[in-house]
Amino acid sequence: MKKDTQNLTSTQSVRSVRTSLDLESIKQDIQENLQYVLGKPASMITLNDQYLAVAYSVRNRMIKYWMNTVENFFMSPTKAVCYFSAEFLIGPQLKRNLISLGIYDTMKLATHELNMDLDSIIEHEPEPGLGNGGLGRLAACYMESLATLGVTAIGFGIRYEHGMFHQTFRNGWQVELTDNWLQLGNPWEIPRPERVYDVFFGGHTEQYQDANGKTRIKWVPGKIIKGMAYDTPIMGYNVETASMLRLWKAEAHESFDFQDFNIGDYYGAVEMKVAAENITKILYPNDEQLRGKQLRLEQQYFFVSCSLQNLIDMHLLKNASIDSLPETFAVQLNDTHPSIAVAELMRLLVDKHTLDWEDAWKITQNTFSYTNHTLLPEALEKWSLPLFSSLLPRHMEIIYDINQHFLDDIRTRFPKKNLRIDQLSLIDENGNKYIRMANLACVGSHAINGVAELHTELLKKHTLSDFYAITPEKFSNKTNGVTPRRWMVLCNPRLTSLITEKIGDGWIQNLEKLKELEAFADNKEFLAKWWLVKQNNKREQAEYVFNKTKVSLDTNSLFDVQVKRIHEYKRQHLNILHIITLYNQIKNNPNVDIPSRTFIFGGKAAPGYEMAKLIIKLINSVANVVNTDPDVGERLKIVFIRNFNVKIGHRVYPPADLSEQISTAGKEASGTGNMKFSMNGALTIGTLDGANVEIRQEVGPENFFLFGLDAAQVEDLKSSGYCPMDYYNSNEALRGVINRIQSGFFSGGDADLFKPLVNSLLYEDKYMLMADYQSYIDCQKKVNALWQDQEAWTRMSLLNVARIGKFSSDRAIQEYCRDIWKIKL
């Protein structure tokens with residue numbers, strides 16, 4: 001009995017060291033992790049060992065909340081959200097988890113007493129290469145908000161071994177390097193070798209008679225890949241709830257062939273392993289070639305199949321009947337990438353669980369909902385029939401059946417309605433036949449949403465108008481949001497402290513409380529403190545930029561920032577046209593009065609997107625000239641921060657004075673960078689595109705620099721015969737800018753280097769830069785004028801923060817729960 005008591009006491013002690021939030025327990029846990037988990041003597045401990053030991057200590061304290069969330073789900077009638085996304089750009093986890101658990105200060109002291117530096121440890125943490133841009137970052141914000149709001153949630157995706165790429169520059173050109181983010185270990189994930197599913201590819205289908213004499217279909221695969229789960233807890237802020245991110249790694253069904261090895265074919269012996277693991281090797285392979293397209297489709301089907309098999313298993317653990325699946329899980333398809341899930345769930349229900357077609361279809365539709373993220377036709381995924389049918393022959397049959405049922409149904413329901421059946425069909429019959437994945441998602445989901453008010457209206461009017469005509473009740477808007485815990489509390493502690501001192505910390509979980517700041521908009525003492533916070537953030541950013549680029553920044557200059565994926569519709573080159581306009585003014589009159597500006601760029605171009613890469617080259621080429629021209633002095637500086645990611649975003653948003661949101665109206669679905677900038681007190685210059693429209697409504701038109709054509713005017717101008725050359729001929733300043741580029745002035749005399757870009761502007765200008773140029777230049781003059789009045793600028797900065805509450809991801813998740821997932825909070 002005494003021995004049992006001692007064991008119990010020992011167990012309680014271990015549990016306390018692993019889970020307690022006090023200083024001494026945390027210190028002991030870190031030391032034990034170094035010794036017993038990492039096996040390192042004190043004399044050999046590296047910075048990476050320190051990071052891993054601290055991270056394991058933090059994870060230990062998260063796991064109990066995670067386990068409680070899981071147990072509550074299985075022991076109660078709780079409905080869970082499953083978020084299917086090809087990307088989860090979760091960013092570094094250590095500091096976020098410390099803040100969520102409320103132990104950041106304690107950990108700082110603990111590490112200090114152990115002769116460690118927490119800031120260095122946090123900076124050392126690698127960026128998880130699980131996403132690229134706004135789509136993946138949104139998914140990450142939503143997972144954090146789901147946990148914070150107490151909603152049971154699982155994010156399903158792919159455990160990419162390598163991220164998209166690590167961006168560097170060579171002679172101003174983007175160069176893509178391998179992103180080895182897993183090289184030194186990932187302490188946040190837990191491998192689940194027992195949680196493995198088979199995924200079929202290729203082969204053929206066969207008919208057979210089941211025990212009841214009913215004709216069934218059997219898929220005889222050409223190859224089988226295994227998917228293994230890796231789980232990461234996503235801690236909610238100041239709550240006892242954690243979401244789960246479950247990512248799948250591809251493995252060979254048989255990883256080693258002894259027969260091949262024994263006859264000397266050493267590569268052949270592991271060929272299956274290499275081929276299988278390629279599926280989860282890299283985020284977004286270049287899909288210009290057929291092999292790249294095939295790999296993209298393999299990736300999408302692989303993670304969807306693993307996730308749905310897993311989801312059904314979990315459901316059957318909780319409920320005896322497969323029929324109630326939609327009552328257990330609400331599955332959100334994050335854009336078209338996971339839309340093959342519609343056909344896969346039908347396959348699992350009909351072929352594996354032997355449901356009738358009608359019953360299976362009802363379950364499928366009630367389970368899925370679909371978020372559309374794009375208005376660009378080329379971004380709505382389509383797969384060629386030969387590729388699709390060779391890779392997924394059973395799904396090809398199912399999609400044909402879905403299409404037949406769907407088209408027969410609408411012909412019956414709308415006999416007199418003039419519908420465009422060819423546009424509703426899941427199969428594009430024009431020229432080479434394709435499967436339209438957005439159409440599949442629309443047909444197979446009970447709800448369809450856009451991600452900003454303008455975006456949703458344009459979906460109804462244009463992109464998905466045919467579906468809106470027959471099922472208007474499916475459509476709703478859910479404007480994107482971002483989590484203030486990462487994009488204010490974590491990345492801008494100075495502003496967080498200032499706000500909290502004035503209005504308390506309730507705003508961190510209810511961003512609408514920031515409205516209380518409006519009472520201090522005319523308080524000169526408070527505005528001075530607000531300005532000082534921004535200046536201190538700028539000084540910190542200037543030090544970082546100098547260490548990375550050796551470019552010295554004037555912290556009294558206006559920090560003008562555009563960081564986002566490089567794409568023609570996002571119009572980074574319009575920004576450059578403005579910079580060259582200012583440069584020309586200085587060259588024409590070196591004494592011209594131009595307020596100092598620092599232009600900061602960041603973003604990656606897709607490896608196969610040559611025009612985007614040429615835009616990067618132009619930015620760097622202009623920077624090389626402007627930054628070294630003695631006539632310019634300190635008035636203009638240009639910096640392109642390489643390899644933009646979440647970690648760099650932490651540095652870029654807080655010091656920004658001006659946020660460039662200048663996409664062509666009607667092209668950006670929403671944007672989330674615009675929200676992050678506003679949350680951190682930057683003013684916005686932008687078009688009426690995406691969420692800009694709603695940001696302007698919320699902060700007030702007088703606190704937003706608006707320019708350019710709106711979406712309707714863009715369409716009208718295009719339909720009336722848009723001629724960009726007319727703007728070149730009639731606008732002397734614009735002509736001077738274009739002429740300077742095409743003369744070779746920024747390219748060492750090479751007049752051909754930027755010719756493709758210049759020609760695209762003069763003869764096509766798909767994204768209307770020439771039409772918006774003068775309006776943009778005039779608006780920038782208003783920016784300069786306001787910048788001269790520090791108090792007025794600071795007041796507008798404060799009001800942007802005070803009125804940004806709508807754009808919290810908490811609000812977005814609450815709307816999804818209420819309107820789409822039917823989950824009570």
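This dialogue explains how to read cavities and helix packing in a predicted model.

Q: What kind of model is this, and how are its residues numbered?
A: The model is predicted, so local features need pLDDT of at least 70 and side-chain atom pairs count only at pLDDT 80 or more, while totals for chains, interfaces and linings use all residues. Residues are numbered from 1 along each chain as its sequence is written, and side-chain values use heavy atoms, with hydrogens and water left out.

Q: How many cavities of 30 Å³ or more are there?
A: Rolling a probe the size of a water molecule over the atoms shows where empty space is left. A cavity is a set of points, on a 1 Å grid over the protein atoms alone, where a 1.4 Å probe fits but cannot get out. Points are joined across faces, edges and corners, and a volume is the space filled by probe spheres set on them. By this rule there are six cavities of 30 Å³ or more.

Q: Which residues lie nearest the centre of the largest cavity?
A: Lining residues have an atom within 4 Å of a point. The largest cavity holds about 140 Å³, and among its 17 lining residues I90, P128, W181, N186 and W188 lie nearest the centre. Its lining comprises ten nonpolar, four polar and three charged residues; Ala, Val, Leu, Ile, Met, Phe, Trp, Tyr, Cys and Pro count as nonpolar, Asp, Glu, Lys and Arg as charged, and the others, Gly among them, as polar.

Q: How is the lining of the second largest cavity divided by class?
A: The lining of this cavity of about 70 Å³ has one nonpolar, eight polar and four charged residues. Of its 13 lining residues, K564, Q661, S663, E668 and N692 lie nearest the centre.

Q: At what angle do helix 2 and helix 3 cross?
A: Helices are DSSP runs (H or I, at least four residues) numbered from the N terminus. Axes are lines fitted to C-alpha atoms over the stretch in contact, and angles run from 0 to 180 degrees between N-to-C directions. The axes of helix 2 (residues 23-37) and helix 3 (residues 47-75) cross at roughly 120° and come within 9 Å. The two helices are therefore oblique to each other, since angles under 35 degrees count as roughly parallel, over 145 as roughly antiparallel, 65 to 115 as roughly perpendicular and the rest as oblique.

Q: Which residues of helix 3 and helix 4 meet?
A: Contact means heavy atoms within 4.5 Å. Helix 3 packs against helix 4 (residues 94-101) at about 40°, with axes 10 Å apart, which makes the pair oblique. Y51, V54, A55, V58, R61, M62 and Y65 of helix 3 meet L94, N97, L98 and L101 of helix 4. This contact has nine nonpolar, one polar and one charged residues.

Terms used. On a 1 Å grid over the protein atoms alone, a cavity is a set of points where a 1.4 Å probe fits but cannot get out, and a pocket is an open set with protein on both sides within 12 Å along at least five of seven lines; lining residues have an atom within 4 Å of a point.
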